[in-house]
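Grab a pencil and work through these exercises with the model open beside you. Try each task before you read its solution.

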2 protein chains.
Amino acid sequence: MLTTDHGDVPTPVFMPVGTQGAVKAVEPRELEELGAAIILGNTYHLYLRPGTRILQGAGGLHRFMAWNRPILTDSGGYQVFSLSDLRGLSEEGVEFRSHIDGSPHRLTPEGAVDIQRTLGSDIMMVLDECPPYPCDEEYASRSMNLSLRWARRCKERADSTVPLYGSGQALFGIIQGSTIDRLREASTRGLVDIGFDGYAIGGLSVGEPASEMYRITELCTAAMPVNQPRYLMGVGTPENILESIDRGIDMFDCVLPTRNGRNALFFSRSGRVNIRNARYEDDFGPIDPECACYTCRTFSRAYLRHLFKAREIAGLQLASIHNLSFYCWLTRSAREAILAGRYHAWKTAMLQSLNGMDEQTPLTHVGGDSAS
Amino acid sequence: MLTTDHGDVPTPVFMPVGTQGAVKAVEPRELEELGAAIILGNTYHLYLRPGTRILQGAGGLHRFMAWNRPILTDSGGYQVFSLSDLRGLSEEGVEFRSHIDGSPHRLTPEGAVDIQRTLGSDIMMVLDECPPYPCDEEYASRSMNLSLRWARRCKERADSTVPLYGSGQALFGIIQGSTIDRLREASTRGLVDIGFDGYAIGGLSVGEPASEMYRITELCTAAMPVNQPRYLMGVGTPENILESIDRGIDMFDCVLPTRNGRNALFFSRSGRVNIRNARYEDDFGPIDPECACYTCRTFSRAYLRHLFKAREIAGLQLASIHNLSFYCWLTRSAREAILAGRYHAWKTAMLQSLNGMDEQTPLTHVGGDSAS
């Protein structure tokens, strides 16, 4: 159980991604209804637009976007390295140009904490450098050590500043080191020595094989404190999530349910449903008969298919609601199975079930969250 | 009060447009919440996609789209003449090619009723020819007389068929005759002689000056039976609606609130708000402090502006919810003022109020409803 001033979060938990202060095509009241206990905000995007002046004027991100449950914000590092026009990386921080208007900006570890203070998120993340994959050992080592020094500076900044809106803000460290065991171990050890409220594994789900992801995850969680939250960033498919829970992960975020939903792909307990498939043309049953979400309670596959064929915005809304419901249900059910002491049996049965139906439909998943 | 098997509709009433079996960016439960008493469906679009086989399989449009309140369907005539590739117009009906895939189709007055039986709408409309504006008297006269003969055939078809799903279906006639008084009078008289459940005025809001629209509306309503509903098709701005209520109109439909909403324009009691305007950047008040809709209860102008600047789908959703709420509130308030015997005073004050703020912002309003 993760405790914040905006409420408790039972783990394992899936965090819907609200990159720009909005989860795409889903209203905050709908996020509450579908069982989202915590959502993600993106520091890079919110810093560039609407900007910290407006966010501070609103009284923080919670009030700005009308979301009263917990928010985790990433540090912006991932987007600086993947979206912006990177102009310079130094010990001090990064210089980049905005992907929106090309304006020049600088982000330092201290600045990342300051921005997150302005956002008022319940969980802040340290600034890290995200190396590409694959990455040679020398680069990975230098990068990991830089991230470690930045993590320390973030911690010092967080310790010497206070929240702006009266509610507490935790700070998580981020483990880097590519897929090189000794670097991951050193990164984990270094962060634990500094001491954070929780530990995240960054730099995975960037193109490496799933087996590598699981191996590194296992290696990192083994070296983390047992009573602090563990967050695997940007992961992943339902299968990835169940396997990573098994390896000790508590928190997940991914654009996969919303992005694929907007692309007509629905997740269900018995596998993926590509609703554009002609077989659903006059299928008047719900996407998932066991799902309690608004979409499944109310609409048929035939109707949802029609919405996508007719390019109706409602299709994006109803698919996003369903897929997020499914992901939140999945991690909630994992928790129940863990508490009942039957996680492995449950996981095995669930993985089998998840591989039914249109399993061949490829997922859309290119890196982390972007504005589009 | 309009009585249907799916519930009563207090008039005057604004009907949100659900062209393709969905009101753009608004869920059915949200339409109920915002006070929509009846919505519109489009026969041309639904006939082409998903098609009558699927709609009949679903048990009609109400069940297909999960809307349990009344539905009015237009006949498809307007879209055949404005959207399709028209291939031939004859006494028998129209031949056209689908705007979606170019496939050939034929629509007759009898066919229009048959399709609407399949849709199961509470109110069906007769098939009419929609002449262009402006239009010479000879063309307008021939066209009006053809529409009148088609109206009789629709009536005969409706009289000789029964609803498919057990709930009653009314049939409305449509007055044509361009802006030529004697043709409008003859059309009204001819339709009243045939005898319909209600009367609509078609062929207005197609580019003529507002003064012409009001003159023709007045002329038509004067010749309509007093105890049957009167529907002004495709109208219009808040001002148009208040003026037309004054001239005896009970029912309105228009894409203006949703289409303009998707274009960042919000209606309010004190005028239009173009939310892209920089003056709203750090305006943390609601769009309309007197509005009870979800958008105004929950979000600030600054946040809504951010959503549009960031191209978030939620902006389209929240603007559509607000604008439809506003239109439904406007006609509800008109009803209250009428029942209280103070319509003129209320209208005068409201028109003055509506002209505040960003009134200069042009509205997006090109003809009737299309798929986009």
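**Exercise 1.** In this predicted model, find how α10(B) and helix α15 (residues 343-354) of chain B are oriented relative to each other, and list who touches whom.

*Solution.*
- Step 1: Start with the geometry. The two helices pack at an angle of about 170°, and their axes are 10 Å apart.
- Step 2: Turn the angle into a word. Angles over 145 degrees count as roughly antiparallel, so α10(B) is roughly antiparallel to α15(B).
- Step 3: Check the handedness. α10(B) passes α15(B) in a left-handed crossing.
- Step 4: Look at the contact. α10(B) brings Pro238(B), Glu239(B), Leu242(B), Glu243(B), Ile245(B) and Asp246(B), while α15(B) brings Tyr343(B), His344(B), Trp346(B), Lys347(B), Met350(B), Leu351(B) and Leu354(B).
- Step 5: Sort these residues by class. You get eight nonpolar, one polar and four charged.

**Exercise 2.** Now do the same for α10(B) and helix α14 (residues 313-339) of chain B.

*Solution.*
- Step 1: Helix α10 of chain B covers residues 238-246, and its axis comes within 11 Å of the α14(B) axis, with a crossing of roughly 25°.
- Step 2: Angles under 35 degrees count as roughly parallel, so that is how α10(B) sits relative to α14(B).
- Step 3: The crossing is right-handed here.
- Step 4: From α10(B), the contact uses Pro238(B), Ile241(B), Leu242(B) and Ile245(B); from α14(B), it uses Phe326(B), Tyr327(B), Leu330(B), Thr331(B), Ala334(B) and Ile338(B).
- Step 5: The class count gives nine nonpolar residues, one polar and no charged.

**Exercise 3.** Describe the interface of chain A and chain B: how many residues are in contact, how much area is buried, and how many salt bridges are there?

*Solution.*
- Step 1: Count the residues. 42 residues of chain A are in contact with 42 residues of chain B.
- Step 2: Get the area. About 3,500 Å² is buried between the chains, and carbon and sulfur atoms give 55% of that.
- Step 3: Find the big contributors on the chain A side. Arg29(A), His306(A) and Glu312(A) supply 17% of the area that chain A buries against chain B, more than any other three residues.
- Step 4: Count the charged pairs. The interface has 10 salt bridges. Try finding Glu281(A) with Arg53(B), where the closest N and O atoms are 2.9 Å apart.

**Exercise 4.** Salt bridges occur within a chain too: which helices does the one between Asp114(A) and Arg157(A) link?

*Solution.*
- Step 1: Over all chains, the structure holds 48 salt bridges.
- Step 2: In this one, the side chains of Asp114(A) and Arg157(A) meet at 2.7 Å, N to O.
- Step 3: Asp114(A) belongs to helix α6 (residues 109-119) and Arg157(A) to helix α7 (residues 137-159), both of chain A. The partners are 43 residues apart, and the pair links distant parts of the chain.

**Exercise 5.** Hunt down some backbone oddities in chain B: where do Pro50(B), Pro134(B) and Ala264(B) lie?

*Solution.*
- Step 1: Recall the usual case. Most residues other than glycine have a negative phi, and most peptide bonds are trans.
- Step 2: Arg49(B) and Pro50(B) are joined by a cis peptide bond, with omega about 10°. Pro50(B) lies in the loop between α2 (43-48) and α3 (52-58).
- Step 3: Tyr133(B) and Pro134(B) also share a cis peptide bond, with omega about -5°. Look for Pro134(B) in the loop between β10 (123-125) and α7 (137-159).
- Step 4: Ala264(B) isn't a glycine, yet its phi is positive, about 75°. Its loop runs between α11 (256-262) and β15 (265-266).

Conventions: Residues are numbered from 1 along each chain as its sequence is written. Chains are lettered from A and ligands numbered from 1 in the order in which they are written. This is a predicted model: local features need pLDDT of at least 70, side-chain atom pairs count only at pLDDT 80 or more; totals for chains, interfaces and linings use all residues. Side-chain values use heavy atoms; hydrogens and water are left out. Axes are lines fitted to C-alpha atoms, for helices over the stretch in contact, and angles run from 0 to 180 degrees between N-to-C directions. Helices (H or I, at least four residues) and strands (E, at least two) are DSSP runs, numbered from the N terminus. Angles under 35 degrees count as roughly parallel, over 145 as roughly antiparallel, 65 to 115 as roughly perpendicular and the rest as oblique. A crossing is left-handed if the near helix is turned anticlockwise from the far one by less than a right angle, and right-handed if clockwise. Contact means heavy atoms within 4.5 Å. Ala, Val, Leu, Ile, Met, Phe, Trp, Tyr, Cys and Pro count as nonpolar, Asp, Glu, Lys and Arg as charged, and the others, Gly among them, as polar. Buried area is the accessible area (1.4 Å probe) that two parts lose on being put together, summed over both. A salt bridge is a side-chain nitrogen of Lys or Arg within 4 Å of a carboxyl oxygen of Asp or Glu.
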